[in-house]
Amino acid sequence: TDEGAAMPFALDDLDADGDELEDGLTLSIKGPASVAITKIADGSITLEDVASATLTDFKGSVTLTGDVASFTSNSLVNLTVSAGAGIETIDVTGIADPDAADADDANYYGPAIDLDTLGDLETVTIAGKASSVDVTSNGNTTAVTISADVAGAINIDGNSDLETVTLTGAKATGLTVNDNSDLTSLTVDLRSEER
């Protein structure tokens, strides 16, 4: 679409008989001011240069690239954020991949959330489940809120403008909060979780 255009989205992932497509849809969306997807359950979605993106009940792979300023998902299974992506706000609820049969699958405990060296990232909110959380070397991040059940460790390191970290109701096998030079408020109500 033209950059900043509206994108009415009526597409779903059902075949002509009304049955859900086994592998979902593969979509690449570039340019609109906003995208709200509510009728696609699985597949892969790449978002580029989308000011605001909201995925509801989508349980596939998501890639953010270019200037995706705001990203929200209530059922995140897999997330890739490209280096240099212009993400400013991320608010996600991770879930275990419904296609993961057992603990040998990488997404069995939820997505690995890696938010590293993203120069525009300001606020991070993570709930639900995650296999790990890494928020590292983001020069504009000011607030991180995590309430997720994290199967691995939470690492919040080297975010020079970070002021507030709130870990209330979260679980993790380990926690590192290090070298965040502007940190003024740290709330840790975190339960240790052995896996």
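Where is T141 found? In this predicted model, T141 sits in the loop between β11 (132–136) and β12 (143–146).

**View 1. T141 is tucked into its loop, with a relative accessibility of 0%.** That value puts T141 in the buried class, because anything under 20% counts as buried. Its side chain makes a polar contact too: T141 reaches the backbone oxygen of L121 at 2.8 Å. Leaving aside residues up to four places away in sequence, T141 touches L121, E122, D161 and L162. So L121 turns up twice here, as a residue that T141 touches and as the owner of the backbone oxygen that the T141 side chain reaches.

**View 2. Four strands line up as an open sheet.** Reading across, the order is β1-β3-β5-β7, and the pairing is parallel. At the edges are β1 (25–30) and β7 (78–81), each with pairing on one side only. Neighbouring strands of this sheet are turned against each other by 10 degrees on average, ignoring direction.

**View 3. Zooming in on the sheet, β3 runs parallel to β5.** Here residues 43–48 make up β3 and residues 61–65 make up β5, and five bridges link the two strands. Look for L47, which stands opposite L64 in β5.

**View 4. Y108 and Y109 form an aromatic pair.** It's the one aromatic pair that the structure holds. The geometry is edge-to-face, with 5.1 Å centre to centre and 85 degrees between the planes. Are these tyrosines buried or partly exposed? Both Y108, at 32% relative accessible area, and Y109, at 31%, are partly exposed.

Key:
Residues numbered from 1 in each chain as written. Predicted model: local features only at pLDDT ≥ 70, side-chain atom pairs only at ≥ 80, totals over all residues. Heavy atoms only, no water. Pairing = 2+ DSSP bridges. Axes fitted to C-alpha atoms, helices over the stretch in contact; angles between N-to-C directions. Buried < 20%, exposed > 50% of the residue type's maximum accessible area, 1.4 Å probe, protein only. Polar contact = N/O pair within 3.5 Å; in protein donor to acceptor, adjacent residues only side chain to side chain. Contact = heavy atoms within 4.5 Å. Phe/Tyr/Trp six-rings, centres within 6.5 Å; stacked < 30°, edge-to-face > 60°.
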